[in-house]
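I opened a notebook page for this model and began with the fold as a whole before turning to single helices. My entries follow in the order in which I looked things up.

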Amino acid sequence: MESQHSLSSTDLLSFDDLSNSDSDFELPVKPTKRKKQAELSSLQAKRPRRKDASRGTTPSQSSSPIPSTPEASQEEQSSQGTPIQALHKPAKRAVNCGDHAINANDIYIAVVSGTSDLVAVVDEWLDYYKQRREQGLLVLINFIIQCCGCQGVVSREMHDSMQNAEIIATLTRQFNERSSSYPLSGKSLSLKRFRASLCEFARILVRLCQNSIIYDDYLLPSLLSFLTGLSDSQVRAFRHTSTLIAMKLMSGIVKVGVAVSLQLQTIQRRYNLEQGKDVKDQDPQRLEELKVSISELLENNEELSSMMNATFRGVFVHRYRDRLVEIRAACMEELGIWLRTDPENFLNDGCLKYLGWMMNDKKSMVRLQCVRNLQGLYVEEEFIGRLELFTSRFKKRMLNMVMDQEYKVAVEVIKLLVLIHQSTNESLQEEECAHIYPLVYATNHSLASAAGSFLYMKLRGMIDSENERGTNSAFFRVLAAFSVQSEFHEHGTYLVDSLWEAADSELKDWHCMTTLLLQEDGLMNEEEEDALIDLMICAIQRAAEAKPPVGRISEKKELSVKQKKTQEHNRQRITAHFIPLLTQLLAKYSANAGKVRLLLRVPLYFALDMYNSTQRMEKHLDQLLYQICLIVEKHTDTAVLEACTKLVDTLCSDRHSFSSRSHLAFSQLFDSLTEHFNTYYSDLMQAPTDDDVFSASMALKRIAALVSAKNLSGQSLFDCCMDLIQSRMESRHLDEELVVAALRCSAFHLMWAKVNLPSLPTQEEVKRLKMEVRSFCKICQAGLSLGQTEIRDQAFELLCDLLVLYSANSVRSEPALQNLYYQPSYHLRAEMAAFLLDYIFLDEIEVEDDQEQEIKLLHKKRNQLAGYCKLVIFGVMDLTAATTVFKYYDKNFKDFGDIIKETIMKTKLINPVMSARTLCLSMQQLFTEMLSEGGSRRDFDEIRGLARKLAMTFENNRQSVRKPMVALHMDGIRFAFLARQEEGEQHPNVAFLEILSVFSYKLLPQDKAPLAAYLKSQCPAAALSWQPVNTYQRSLEGSSAKFGQKSAAVSPENIPVAKRRKTDAPGSVATSKKDFWSDNSSIPSGVPTPILTSTTLGPSEDVILQSDLDSGLTEPECGDEFSSRSEIQDVMPTSRLSSTADQKELHTQLTLLSLNEDDFRKQGEAESDEYESDSSHVPHSPLSRMYP
């Protein structure tokens, strides 16, 4: 006869309740206030029946009492101080209990310390409880209240005369509601130890009571009844603490119930065995004892079932969806324990559904706990049959959770799906596995590794079905097929890294990979061979570098000593295996550009010193050099030539003793290519044919690749290239490949000439190099206006590199080279700035069928923008030249936001005040352009959006940005009232104050009043009633217009239209203050700014604009460009305009926006001591990553 306890399916929600819902989780979001259910009435009895004496007189095993101080507490105490303070300094609380009293503080202190012997503490309390159980229960209740952080005390009179609901209401009134902290809410290590000690206390309490006291029908029913009422309190501390203790007590009761059930089964078997004997062999006394034991165990089991059922319904069913995430997580944690401990009673659909529902919880802590509970269930084979319905019901949700926003949850879900796939009869279908496969390319290393383990299991399953176990060749064929079919097959390095932990031995089987590639049996097609070579190179890189690929987030930062030894061992194995086989692979695939490009990367991971170990290895080196020369002569693909370039640079490094042999081989190759080019040079200068142009282009392309890695070029080649470019531009017969290759050869010659220049060069050498740099920059400047995209882009990129190399900062530390730097001319800077407008910012990326081409085009634009920003950062151009870039920070934030933001931050390090005023100038230019085009609300909102983004680039520490913000506001105020109008007529720029108000929240309070006074001194008396002025004043007063909050809207009719304005002579507008504020002036009205032309339709010849002649600005002479750093005014590019009245008006507007260079420089020098910073110490930025 066996007795089993099970929860009634009619008492719990069933899966059928969700059959008509659209999702598996449809529960109320907000918990409602509930009254206690009728089924809890059995737990609220305060006068339980007496049990037999045999149940309650077990002597205690403990003999070491805890010292305590008996104190009487008859009055209610109000809450003073926070519960966190109570955790460390608990208030003494005791109960009047006659001759001997045990203090609740003693138990509390023991639990808080985390170092006390809790078994002894519980044993001491049990001794006292057996003598006076009412007083003992009261001590335990006060201990729980103290754990909640409440200073209230439940006295004996309250316990005898009041119901639990009344006691809880009294404690709620005494609780300090002003503080949201309580012991269990803390995140510190000591408070986490308190939670663990409290849970351990509850577990020990049930364990020591399991033989007798648990069945006295008083202690646990009364305690659980009080905890059930407390768990429904609106006070979070009460609800959280009581729920946790109740769940832990129930977990202990469940374990006791399992032990009782096992004991009942054992005694039942003995009884059946004794009863099955013959009558003469039976022992009546033995049968009677067994019968009494069975009856007692059945009664005990019934009591335990009653307590578990009441606790489950009264606490868990209501609290598993509590508002507090910690309560929900605690309920799910204990539910997992119940399911594993007592599967007979809990592992059913009525309890499993809670795990399925809570996998939809909005907090990752709860979802993670549910997934871990399920892992513990699916790992047990005997549970699989009970989980079939749950699996079919919630498998879709588990598959969706692999894309969880919390990486830890997604990782555990994948591990769960691996268990489900391995243990269930119905494994995951291929379309279901498709949810997991893409995660091998995820950026998070843990998530990718988990997905890699799943993929490895699937691939191995396919191999096992083909009876090909014991060999890795089948694995590589299946893996190559997967890589080909994957949509992300170009990211093999991420796939290999994901499989590295699961398939470490397979991916290091270099012998199997090379055997597959060298065999001629045709087991793999062309695409699979490409994929296998790619995977092999990625595996070599992963083994040699021992770190995840770029962009993949890993928790491990540095390699351990063991990992470094493994890395070196892998590198030695790779070198020893591939040195004799690499030349065979290159010879076999020499005609395939894609395969050769990958194979040329293999020597980069060699331990190259091994080439000098034996004479045989030197022979392999000669073979490798020979193959590289053949590849250079055979291929013209840019990617292949770049791979050859990297390998040439590595093999010719002076670190290796064989570098002279490599240099000799590549010098001979260079001479051969140069001779080949010279045979066509004379024809190219006269009347070349298409074949001559093509042959010369390919030769120059190969030469440029070699020259980029090694200084092999001579003066004659440079002169030939310059003459060739000049003649082709004059004749307007521009072949893109030929001109681009000639530009590259010329630029690399100048770069190597600067690097290899002796420390004390002669005047002739310096003069000659000056003339060569000047000539090359003029040719590139002319190339910026050409219609051929490749030539134009190459000219811009080479200019950016060359100007940085020959900048003033590059020669500052070398006195002999002080005169050897190139200052770009006015028109060159104008052309480069206009290039950004015409080909980077204003041109939208065309939507093409090939998404790869779109990505390449965007990458090229990012490199070009980063190159221009480097010119500003390294001082080639002044900070004000960055206005061309800053204006598009908001509009092009998706494509270039990181580069522009990094540039802004670097300019702040160079000169914070100048940087802030440059940002203001950017907005002023946009505002002026808006006025010239008629001014719409949409354009105005775009400028405001830009202002918000620019404001966020300033630090939150307003003291550190005080001077920059004051300078920005003063520039904006002066711009708003820059030109005088007729009496009563509104200034056209006054609406700019609306934009300026966005930056007001960055001002210090003591700076707002002087700025308000400065505003009144700048604006006419009638302007104080204008809406933009009022809005700006309110932002300074702080009454409105805080950051992120729109101020009074500017209607389209309030945005002034551009008019022809009267401009007074420079300096005619006087300021009334001569203090700290008046020293920040930066926008005088008398310095004109020339209008720049667009390069889209511009001629290649240099043109001096009328605005330049009017202002007296002319292009510097060639000889002055190198002499000293001239005071050259920066540019503000615009589109090409026709000579109309509107154009003249726009000229006037832009002229008023020019910055006085002397004023800017004087301001910067005054503050250089305070803000001086070395840009070389700035952390790595997107600029250095994308444009090295």
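Entry on the whole chain. I took helices as DSSP runs of H or I with at least four residues and strands as runs of E with at least two, numbered from the N terminus. On that basis I looked up the secondary structure of the protein chain in this predicted model, and I found 49 helices and 0 strands. I then noted that buried residues make up 55% of the 1188 residues in the protein chain. Turning to contacts with a separation of 6 or more, I recorded that 77% of them are accounted for by residues 24 or more positions apart.

Entry on α3. I looked up helix α3, residues 118-131, and found that its 14 residues reach 20 Å from the first C-alpha to the last, close to the 20 Å expected at 1.5 Å a residue. At the start of this helix, I saw a side-chain oxygen of D117 that comes to within 3.3 Å of the backbone nitrogen of V119. I wrote down that α3 is mostly covered, with 10 of its 14 residues buried; among them are L118, the run from A120 to L126, and the pair Y128 and Y129. I asked myself which helices the buried residues of α3 pack against, and the list I obtained is α2 (104-113), α4 (133-147), α7 (189-209) and α8 (219-231).

Entry on α7. Since α7 had come up as a partner of α3, I checked its length as well: at 1.5 Å a residue its 21 residues should span 30 Å, and its end C-alpha atoms are 30 Å apart, which agrees. Its buried residues include L191, F194, F201, I204, L205 and V206, and I also noted C199 and C209 among them.

Entry on α30 and α31. I looked up how helix α30 (residues 715-731) and helix α31 (residues 736-755) are packed, and read an angle of about 140° with the axes 9 Å apart. Angles over 145 degrees would count as roughly antiparallel, and the two helices are therefore oblique to each other. I recorded that α30 passes α31 in a left-handed crossing. On the α30 side the residues that meet α31 include F718, M722, L724 and I725, and those they meet in α31 include L738, V739, L743 and L750.

Entry on V550. I placed V550 in the loop between α23 (526-545) and α24 (561-588), and I asked whether this residue is buried or exposed. V550 is exposed, with a relative accessible area of 76%. I finally noted that V550 and T493, although 57 residues apart in sequence, are 9.5 Å apart in space from C-alpha to C-alpha.

Technical notes:
Residues numbered from 1 in each chain as written. Predicted model: local features only at pLDDT ≥ 70, side-chain atom pairs only at ≥ 80, totals over all residues. Heavy atoms only, no water. Expected span 1.5 Å × (residues − 1). Buried < 20%, exposed > 50% of the residue type's maximum accessible area, 1.4 Å probe, protein only. Contact = heavy atoms within 4.5 Å. Polar contact = N/O pair within 3.5 Å; in protein donor to acceptor, adjacent residues only side chain to side chain. Axes fitted to C-alpha atoms, helices over the stretch in contact; angles between N-to-C directions. Parallel < 35°, antiparallel > 145°, perpendicular 65-115°, else oblique. Left-handed = near helix turned anticlockwise from the far one by under 90°.
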